[in-house]
Amino acid sequence: MPNRTRSTIWRPLTTAATAALLATFLAPTTAHPAPRESRPVHSYENAVREAVWVDTGLDADRDGRPDRVAVDIVRPREAAAQGRKVPVIMDASPYYSCCGRGNESQKKTYDANGDVVRMPLFYDNYFVPRGYAVVGVDLAGTNRSDGCVDVGGRSDILSAKAVVDWLNGRATAYTTRTGTTRAKATWTNGRTGMIGKSWDGTIANGVAATGVKGLKTIVPISAISSWYDYYFQQGAPLYDSGPDWLSDYVNSPDARAKCAAVQQKLVDGAPRTGDWTPLWTERDYVKDARKVRASVFLVHGAQDLNVRMKHVGQWWDALARNGVERKIWLAQTGHVDPFDFRRAEWVKTLHRWFDHELLGYDNGIDREPMADIERAPDQWVTSPVWPPRGTAATTLRPAHGEQPGVGTLGLRKGRGTETFTDDPRHGETDWAARIDSATADKAGFVTGPLTRDLRLSGSSKVTVTATPTTSTAHLSAVLVDLGPATIRDYAASGEGVTTLTDRDCWGASTAGDSACFLRTAADTTDVEHTVVSRGWADLGTHASAHQGGPLTPGKAYTITLDLAATDHVVPAGHRLALIVAGTDKDLIDPPSTRPTLTLDLSRTKARVPFVGGAAAFARATAGPPGASPTGHLDGVSGPSQRAGRIPGGGR
């Protein structure tokens, strides 16, 4: 596939290498091998620490002057003294003062001159000694920046983009928030990599989708790719509030006093009907994937119930269609930073990634497997590409089984109907626990025990034809691995990790900024079923995913639900289940009525991406049918609290 980023890096380096090669023939000098790793040769304690305010060209807070965003910088003093320009690692965040970053909720601290003393996380401690500048940007409307938070809109994205432009000599910055003395980024070569978890990573996605020059790579961790899909899925509301609540949560006191008009636009533009509006179009980065110039190293928890895996599938697929250089890690965790679930390997890999993408070092990371996937707690496998070659969507059909209310799942089309009644008191863990019993709140369909492992990789779709008894109805569809396993307890408060009491250190420290962080370990639980993938929809969006409408009781409607991307192996001896039901407790909000829905099994199907396609499924299900277990199959306890609402605050 085309590799835009690598060609950009290596073309000038090839020219330099040719000149160096000629020099070896013309002068009796000893050749030195090209560097493969940046080393900690610069002093962190003596690093330059400074702040500038970049003019965004916007006036979101309507105070009559252009908004300026605060940019805190830590960079190696030795490089500046020698006239060597350095690349930049940048984290643009709304959380530097309100909520903190990382597992320990670190906030920025400053000295008497207003220069940053502690930059949250380990990036500056580790990378500044290795010849990088680390830049922490206060998103517009937060901490020391002007403007208003508009939750992924123009203000958010353009305020961060302006900093990339300034680093490349295309924007104006000042030494103070209101002064006229200009500051220039003469110390950098403009090569910028953006990184961040959740909202921070979302900003990286959005800035990359502008196609801004100078942004060479992004590392979005647990990040949003389309804000509509953070609040809704196909019309079904995922939270009981909208972006106005989130904006108010992170806005600085100064912004709250000035940003009432922006708040009202967020209210008006995001109706709780779930209809797509121009506000969501502005905050959809997937549609602009064709503009992305940067490489992308994406990290996500496969059980993230805050920023859900749908964001991964649609963004990854769009980047692939446009030939973007990509790498991915998928963990078993919820909304957790890789520094807290795979620390040593993460620091090493991130170091190599930035060395390759920003310094141009030929360290081989671009020739290594594209994907790292956690199969069991702390047990990782790799895939040369992701999804793997040979993966093909396979149509699975639900059908009646031998026991009333307990259906089968296979390749042959079923007949007849199944009926369930929406019960908002229950959710996916309840449905899966009673998969082998007829219950009124679900329709469940199960394969026999598999005779060999079966791998799902990618995004699934479930098409149902359902007849409701009321004018509103919400639908949930989940794929479940039925069988014993030890997994990370993603539903617990730590979302799959537990924080220990001792620390380890990653980089250099100062009195005001320690490089030592509390260690973590996997928080595991033994289960008898694991939800693999999930999706939701308002049946009222059957005609258009962008707009819903009332239903006619007694009329059949056909709708296709998008299920989140996953990579999961159902082991031999386990069974694969498809469950269709109503409200998924704590994951979507219930409709205004409590409908009973009748599924037409002949017009209901699941398209599931199996490695090896339909042939792999057929082989794995070719054994004689086994006896179904009876009783309750334990899984995770369900989300310990209402999932999310704040993408990335704290952990």
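In this predicted model, Met-90 has Val-135 of strand E6 as its bridge partner. The two residues belong to a wider pairing, since strand E3, residues 86-93, is joined to E6 by six bridges, and these two strands run parallel. Helix H12, residues 343-359, packs on the sheet and touches E3 together with strand E9 (188-197), strand E10 (215-221), E13 and E14. The direction of H12 makes about 160° with that of E10.

The sheet that holds these strands is an open one of 12 strands with mixed pairing, and its order reads E8-E7-E1-E2-E6-E3-E9-E10-E13-E14-E15-E16. Strand E8 (182-183) and E16 stand at the edges, and each has a single partner strand, so one side of each is left without a neighbour in the sheet. Another helix, H11 (residues 310-321), lies across strand E13 (295-301) and strand E14 (326-331), and the angle at which H11 runs to E14 is about 160°.

**Disulfides**

How many disulfides does a search of the whole structure find? The search finds three, and when the bonded cysteines of the protein chain are numbered in sequence order, the pairing is 1-2, 3-4, 5-6. A disulfide is a covalent bond between the sulfur atoms of two cysteines. The table sets out the pairs with the distance between their sulfur atoms and the torsion about the S-S bond.

| Pair | S to S distance | Torsion about S-S | Handedness |
|---|---|---|---|
| Cys-98 and Cys-99 | 2.3 Å | about -85° | left-handed |
| Cys-148 and Cys-259 | 2.0 Å | -85° | left-handed |
| Cys-505 and Cys-516 | 1.9 Å | 95° | right-handed |

In the pair formed by Cys-98 and Cys-99, the two residues fall into separate classes of accessibility: Cys-98 counts as partly exposed because its relative accessibility is 28%, whereas Cys-99, at 14%, counts as buried.

Cys-148 and Cys-259 also form a disulfide, and both of these residues are buried. The bond between Cys-148 and Cys-259, with sulfur atoms 2.0 Å apart, links distant parts of the chain, for Cys-148 sits in the loop between strand E6 (133-138) and helix H4 (154-167), while Cys-259 sits in the loop between helix H8 (253-258) and helix H9 (260-269), 111 residues apart.

The remaining link, in which a disulfide joins Cys-505 to Cys-516, is right-handed, with 95° about its S-S bond. Here the cysteines lie in strands, Cys-505 in strand E24 (residues 497-505) and Cys-516 in strand E25 (residues 516-522), and they are 11 residues apart. Cys-505 has a relative accessibility of 46% and therefore counts as partly exposed.

**Backbone features in the loops**

The loop between E6 and H4, where Cys-148 is placed, also holds Val-151. Although Val-151 is not a glycine, its phi is positive, at about 55°. Is Val-151 buried or exposed? With a relative accessible area of 1%, Val-151 is buried.

A positive phi is likewise found at Asp-378, a residue other than glycine, where the value is near 65°. Asp-378 is located in the loop between strand E15 (371-376) and E16, and E16 is one of the edge strands of the sheet described above. In contrast to the buried Val-151, Asp-378 is partly exposed, with a relative accessible area of 48%.

On the other side of E16 in the sequence, the loop between strand E16 (379-383) and strand E17 (391-403) contains Pro-387. The peptide bond leading from Trp-386 to Pro-387 is cis, and its omega is near -10°.

**The surroundings of His-474**

His-474 lies in strand E23, which covers residues 474-488, and at 5% relative accessibility His-474 counts as buried. Which backbone oxygen lies 2.8 Å from a polar atom of the His-474 side chain? The oxygen is that of Asp-589. Asp-589 also appears in the list of residues in contact with His-474 when neighbours within four places in sequence are left aside, and other members of that list include Pro-237, Asp-422, Ala-537 and Asp-538. Further contacts of His-474 include Ala-581, Gly-582 and Thr-583, as well as Ile-588, Pro-590 and Pro-591.

Conventions. Residues numbered from 1 in each chain as written. Predicted model: local features only at pLDDT ≥ 70, side-chain atom pairs only at ≥ 80, totals over all residues. Heavy atoms only, no water. Disulfide = S-S within 2.5 Å. Buried < 20%, exposed > 50% of the residue type's maximum accessible area, 1.4 Å probe, protein only. Helix = DSSP H or I, 4+ residues; strand = E, 2+ residues; numbered from the N terminus. Polar contact = N/O pair within 3.5 Å; in protein donor to acceptor, adjacent residues only side chain to side chain. Contact = heavy atoms within 4.5 Å. Pairing = 2+ DSSP bridges. Axes fitted to C-alpha atoms, helices over the stretch in contact; angles between N-to-C directions.
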